[in-house]
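Welcome! Have a look at the structure below, and then let us walk through it together, one topic at a time.

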Number of protein chains: 2
Amino acid sequence: METAKRTSPHPGQSPRPRLVIQTIDGAPKPYNAAAIEDLADVVYTTPDGLGTALPDADALLLWTRFAGVLQRAWPAAHRLQWVHVAAAGVDSVLFDGLRDAPVSVTNAHGVYDAPIAEFVLGAVLAHDKQLHVSKGFQRVGEWRRRELTRTAGQRVLIVGTGGIGRATARLLSAVGLEVRGAGRTERDDDPDFGTVVPSSELAEHAGWADHLVLIAPLTPDTRGVVDARVLAAMKPSAHLINVGRGALVDEPALVQALQTDQIAAASLDVFATEPLPEEHPFWRMDSVHVSAHMCGDVTGWQDAVADQFLENLHRFVEGRELRNPVDKERGYAQKVPVPAS
Amino acid sequence: METAKRTSPHPGQSPRPRLVIQTIDGAPKPYNAAAIEDLADVVYTTPDGLGTALPDADALLLWTRFAGVLQRAWPAAHRLQWVHVAAAGVDSVLFDGLRDAPVSVTNAHGVYDAPIAEFVLGAVLAHDKQLHVSKGFQRVGEWRRRELTRTAGQRVLIVGTGGIGRATARLLSAVGLEVRGAGRTERDDDPDFGTVVPSSELAEHAGWADHLVLIAPLTPDTRGVVDARVLAAMKPSAHLINVGRGALVDEPALVQALQTDQIAAASLDVFATEPLPEEHPFWRMDSVHVSAHMCGDVTGWQDAVADQFLENLHRFVEGRELRNPVDKERGYAQKVPVPAS
């Protein structure tokens, strides 16, 4: 590691920094590339070219979520001061070398809050209104009238009390659901959740919920937070929604819980291995609704990320404090502002 | 017709009326049957037995929606003063004999408002978040990441400004959608819709909407309100949601509009013929989401209807004005209260 060559932990030393932008899936430059290039000397590169481009870089914009890309190129990052990750979850980007180095990490905090909240509400209503069940009857041409569930008054336990969890809590509350949170710190006066139970004791609280929503960052504390014990504590009618990270769930335990009717259904946007391997049973289970890690990707999301990055680049050039800093030890945004609700 | 034998158009003449309750699909009595039987002499009957039971009835509770049941039994209804229909739409119950007779008709106004509003929101989100598209990819084991639509800011035009339409407008507004109504009377200061456009000019306004929602009662004015012209005016990305009555839509024109990509998708809970005939193309269209006329049926709906009926039975016995009277000429509830919003 070459941390000694980083002359200062404080950004903004250079009036014209050298910036490396990892391009996304062969897509064109950010829509505001001209404004970015006004402030910095920019090199665009694919993940493969990162090792070559990194030695001269002061700052790096990582558009994709390929785990290990930065870690493999890390020995070449002699003067890097700042990494901006164009995602909410930074678990795949953090590694010991980056954690220990005087390099600031920022993320796309906020960009995905409202889109993911909407996705969760969609999953809640699809379950309560049996939209997937109706589609199954449609496929076999069967007219089968059933009784649906009134969504207002249903109980939702949201694991993860960061920005996305809060946006979700507010949206679900607006539709009349009863919401609680699960987080590190127990409390009963949270402005968005009211009651927050300790996620370390999830098994004792999971039985309360009709919908259990996972939006927590993946950290050593949250890995496997939904295990066989939690699943056994859930209602047989309950619905699990995972929009956080696949490894929050013990997937084999979830398969078993669904197959033995311990819980009713799961809507999963994230998986321990992505893309979801073709032999995985989730693909073929009627009670599992698979989507391809896309719940926060709404049309225009790249532009929102690019706007946010440009704002931080101005701050970097001017030597001001960067927005949306990541706590590299905890593995998620340092401060979550609590909006007035 | 034996209207002369109805001694008075005013209910409440008899201290102990004779009441016929049409039982639903062989289900047991209403949960509050004891309270009902305290107030009236009750005969329970299947639709087939209605002709036999009706001659002595002062009042009738119709639980089901079999069109024509009452009409066929009508010649026997010598002393009937009141019909309560346990549904929001009364189109299948109204016929000339009933319309012309001094018989009050009331309906289940309000019971379905919030449940149907939730169903519509579920259909909106399922479309914007591509839940059915994801299910299609899941079925073939394909991991395909796409961009979704941000629902807040999408435009919804709701055809039908009665109680259900208003509840839907309020719920969709709470989630951030931009809502307008289409009704008989044009206005721009409606408390729930803001702008209400004339439904007689729907073709001129349909192009504004991302989601076009049909919740109007079926009347001569609304029959076929969504025809080929309206469909041609809609956005290619638009989504039609019908939770009103099937005959509000020209179904062959809708099939063609979907097959030629004039519009993107349709979520249909109601059909011109129900159950939807097995040869109907809707069953086999990926862009059509079929459910079995159940969008308002949430667990406990029969109890809510029974509560509402008992309240009106008290009023009937006491000679007071009945709640939720139907305007038999217009074919829907006479007065729609506008709640504070």
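## A loop to begin with

A good place to start is A:His293, which sits in the loop between S13 and H11 of chain A. Its phi angle is near 45°, a positive value in a residue other than glycine. Please keep in mind throughout that this is a predicted model.

Another backbone feature turns up in the loop between strand S12 (265-268) and S13 of chain A, where A:Pro275 is found. The peptide bond leading from A:Glu274 to A:Pro275 is cis, with omega near -10°. Chain B has a cis peptide bond as well, joining B:Glu274 and B:Pro275, with omega about -10°. B:Pro275 is placed in the loop between strand S12 (265-268) and strand S13 (288-290) of chain B.

## How the two chains are related

How large a turn lays chain A on chain B? The turn is 180°, with a shift of 0.0 Å along the axis, and the resulting RMSD is 0.0 Å. The two copies are therefore related as by a two-fold rotation axis. The same surface serves both copies, since 100% of the contact residues of chain A recur in chain B.

## Where the chains meet

Now let us turn to the surface between the chains. On the chain A side, 55 residues are in contact with 55 residues of chain B. The size of an interface is often given as the accessible area lost when the parts come together. Between chain A and chain B, the buried area is about 4,700 Å², and carbon and sulfur atoms give 60% of it.

There are also polar links to look for. Between chain A and chain B, 32 residue pairs are in polar contact, counting pairs with both residues at pLDDT 80 or more. Which elements of chain A give two or more residues to the side that touches chain B? They are helix H5 (113-128), helix H6 (131-139), helix H7 (163-174), strand S13 (288-290) and helix H11 (301-317). H5(A) gives the most, with nine residues. Sorted by class, this side of chain A has 28 nonpolar, 13 polar and 14 charged residues.

## Salt bridges

Side chains of opposite charge can pair when their charged atoms come close. Over all chains, the structure holds 36 salt bridges. One of them pairs A:Asp190 with A:Arg166, at 2.9 Å from N to O. A:Asp190 lies in strand S8 (residues 187-190) of chain A and A:Arg166 lies in helix H7 of chain A, so this pair ties together parts that are 24 residues apart in sequence.

How many salt bridges are counted between chain A and chain B? The count is six. A:Glu118 forms a salt bridge with B:Lys129, and the closest N and O atoms of this pair are 2.8 Å apart.

## Two domains within chain A

Chain A is itself divided by the domain assignment into domain 1 (3-111 + 298-333) and domain 2 (113-290). The C-alpha centres of domain 1 and domain 2 of chain A lie 32 Å apart. Their contact takes 10 residues from domain 1 of chain A and nine residues from domain 2 of chain A.

The area buried between domain 1 and domain 2 of chain A is about 840 Å², and carbon and sulfur atoms give 49% of it. Which residues in domain 1 of chain A lose the most area to domain 2 of chain A? They are A:Asp91, A:Arg330 and A:Tyr332, which together make up 45% of what that side buries.

## What links the domains

Across the interface of domain 1 and domain 2 of chain A there is one salt bridge. The side chains of A:Asp91 and A:Arg245 meet in a salt bridge, at 2.7 Å from N to O. Four residue pairs are in polar contact across the interface of domain 1 and domain 2 of chain A, with both residues at pLDDT 80 or more. By class, the side of domain 1 of chain A that touches domain 2 of chain A has four nonpolar, four polar and two charged residues.

Conventions:
Residues are numbered from 1 along each chain as its sequence is written. Chains are lettered from A and ligands numbered from 1 in the order in which they are written. This is a predicted model: local features need pLDDT of at least 70, side-chain atom pairs count only at pLDDT 80 or more; totals for chains, interfaces and linings use all residues. Side-chain values use heavy atoms; hydrogens and water are left out. Contact means heavy atoms within 4.5 Å. Buried area is the accessible area (1.4 Å probe) that two parts lose on being put together, summed over both. A salt bridge is a side-chain nitrogen of Lys or Arg within 4 Å of a carboxyl oxygen of Asp or Glu. A polar contact is a pair of N or O atoms within 3.5 Å; within protein, one must be able to donate a hydrogen and the other to accept it, and residues adjacent in sequence count only if both atoms are side-chain atoms. Helices (H or I, at least four residues) and strands (E, at least two) are DSSP runs, numbered from the N terminus. Ala, Val, Leu, Ile, Met, Phe, Trp, Tyr, Cys and Pro count as nonpolar, Asp, Glu, Lys and Arg as charged, and the others, Gly among them, as polar. Copies are superposed by least squares on the C-alpha atoms of residues with pLDDT of at least 70 in both. Domain bounds come from an automatic or database domain assignment.
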